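Please look over the sequence and the structure shown below before reading on. The report that follows moves from the place where two chains meet to a helix and then to some single residues.

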Amino acid sequence: MSEKLWSGRQSAQWKKNVGLAEMLKGGVIMDVVNAEQARIAEEAGAAAVMALERVPADIRQDGGVARMSDPKMIKEIQKAVSIPVMAKARIGHIVEAKILEAMEIDFIDESEVLTPADDQYHIYKHDFAVPFVCGCRNLGEALRRIGEGAAMIRTKGEAGTGDIIEAVRHMRTLKEGIRKIQNMPNEELMTEAKELGAPFELLLEIKETGKLPVPNFSAGGVATPADAALMMELGAESVFVGSGIFKSDNPERRAKAIVEAVTYFNDYKKLAEISEDLGAPMTGINCDDLADNEKFAGRGW
Amino acid sequence: MSNLKIGVLTLQGGFDKHIESLVKLGVTVVKVREALELDGIDGLVIPGGESTTIIRLLKNFRIYDALRDKIVKGLPVFGTCAGMILLSSGITSHRDQETLNLMNYKVSRNDYGRQIDSFDALLNISGLGEDPVPAVFIRAPRITEIADSVEILSEYEGSPVMVREKNMLAASFHPELTDDTRVHSLFISMIKNLKMSVQNQI
């Protein structure tokens, strides 16, 4: 990491946290609601688990306010597995994040899946010792979160639907944004930074490197091994699967298949074998049937 | 140096940064995801990542035996973090978890703690001169038992953190996460020396 780049000038703490994100590449991060599911996920080859009380599909169905999970349940999951454990804090909820840090969680997801605590500001993540992952729909949102200190970005998709269309849209939009910066002469970058609402310094870095300064994963809508492989094909470096595993008929097999599909995302013969006989996927909700106020992806500023 | 072909196991984990380090040193890099791809490489890097994930993929896709066989027959290998766990002869903290059982040391996983306890250090590494090497430890394993046949190249706070045995090199830290490529250079020299000694035998 050259000192000339923004990422080269960040703290050792931040670099170490991006290092953990690097270690999760080519893997699957699975939502789990108890220790038993966490063990199934680890056994299937998950690179990490996301501990939460309700998977997004249930949050969607139940309605009401979705908050950080019960620390007791998170602790049980930490005890049950040896892989990294992530947990979600509400957008802008500094104290939920501090509690998760005090519990030595390996990664905090400042997540739009929970009900936001702040409708203007996200957490200043450079103030924390543990890493954060944040969602984005486009380049501007990704760079604002990275500027605040996120060590990993995931495109949001639409969690809890089992419909991949939003995940694809967000990944394509992000990649298009990056390509545009790469082709811009320097004098256009400041105005682009203004348009995107993104730090200028990060635009300079992207022009130089052609990629985000942190790993870029995909989330929100993955229900099948082919969905996971599609996101890898489009440039995701790992995949988060929420409701897609434990809302399906055979979570053990589906979990294992999705792990394999991420590794062999462009080996279609293998994908055919991997996709065979997994039982029914989650039923899902067509994203077009959701009203705008029912979509999680719009949360984030 | 440029005619060397080094494989990087890309099943899961921190393979991108190893590829970057190796490319900087001018070697040809090959991504290895299946047994056939082990043919024709001069050395192999097993990156960090989740050892539980990597061992399962090695087994499920029948790479395990071919990989083990190649290394036993002399393929130079360098394992970092999860790679060090895979090369070990056992895991004292997770006795049921399988390894490749190749090097004569045992490890305890995540022995330095969770991510909040991950740290940077400057290491003196035997063969790399006086100038210390920056090293990043991420949820690192610790060697808890080690046989005399294993050479300790570097120690940190009383524990071995980089070791060598025959054609195998292992580190509990991540040299690929820094700009310093000396550890990768050391692996490349090791490959060259092993090649020369094989040629001399013929």
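## Where chain B meets chain A

Across the interface of chain B and chain A, 23 residue pairs are in polar contact, with both residues at pLDDT 80 or more; a polar contact is a pair of N or O atoms within 3.5 Å, where within protein one must be able to donate a hydrogen and the other to accept it, and where residues adjacent in sequence count only if both atoms are side-chain atoms. On the side of chain B that touches chain A, the elements giving two or more residues are α1 (15-24), α2 (51-60) and β6 (119-123) of chain B, and the largest share, five residues, comes from α2(B). These elements are DSSP runs numbered from the N terminus, helices being H or I with at least four residues and strands E with at least two. Sorted by class, this side of chain B holds 10 nonpolar, 14 polar and 14 charged residues, where Ala, Val, Leu, Ile, Met, Phe, Trp, Tyr, Cys and Pro count as nonpolar, Asp, Glu, Lys and Arg as charged, and the others, Gly among them, as polar.

This is a predicted model, in which local features need pLDDT of at least 70 and side-chain atom pairs count only at pLDDT 80 or more, while totals for chains, interfaces and linings use all residues. Residues are numbered from 1 along each chain as its sequence is written, chains are lettered from A and ligands numbered from 1 in the order in which they are written, and side-chain values use heavy atoms, with hydrogens and water left out. The average pLDDT of chain B is 96, and 99% of the residues score at least 70, pLDDT being the predictor's confidence in each residue, from 0 to 100. For the complex, the predictor gives an ipTM of 0.96 and a pTM of 0.96.

In total, 38 residues of chain B are in contact (heavy atoms within 4.5 Å) with 41 residues of chain A. There are four salt bridges between chain B and chain A, a salt bridge being a side-chain nitrogen of Lys or Arg within 4 Å of a carboxyl oxygen of Asp or Glu. Asp16(B) and Lys25(A) form a salt bridge through their side chains, at 2.7 Å from N to O.

## A helix of chain A

Helix α2 (residues 35-44) of chain A is largely enclosed by the rest of the structure, because seven of its 10 residues are buried; buried means under 20% relative accessible area, exposed over 50%, and partly exposed in between (1.4 Å probe, protein chains only). The cover over the buried residues of α2(A) includes β1 (28-32), β2 (48-51), α4 (71-80), α11 (243-246) and α12 (251-263) of chain A, together with α2 of chain B. At the start of α2(A), a side-chain oxygen of Asn34(A) comes to within 3.2 Å of the backbone nitrogen of Glu36(A), and after the helix comes Gly45(A), with a positive phi near 105°.

## Two loop residues of chain B

Most residues other than glycine have a negative phi. The table lists two residues of chain B other than glycine with a positive phi.

| Residue | Phi | Loop of chain B | Relative accessible area |
|---|---|---|---|
| Asn101(B) | near 55° | between α4 (82-87) and β5 (105-108) | 41%, partly exposed |
| Glu157(B) | near 45° | between β9 (151-156) and β10 (159-165) | 64%, exposed |
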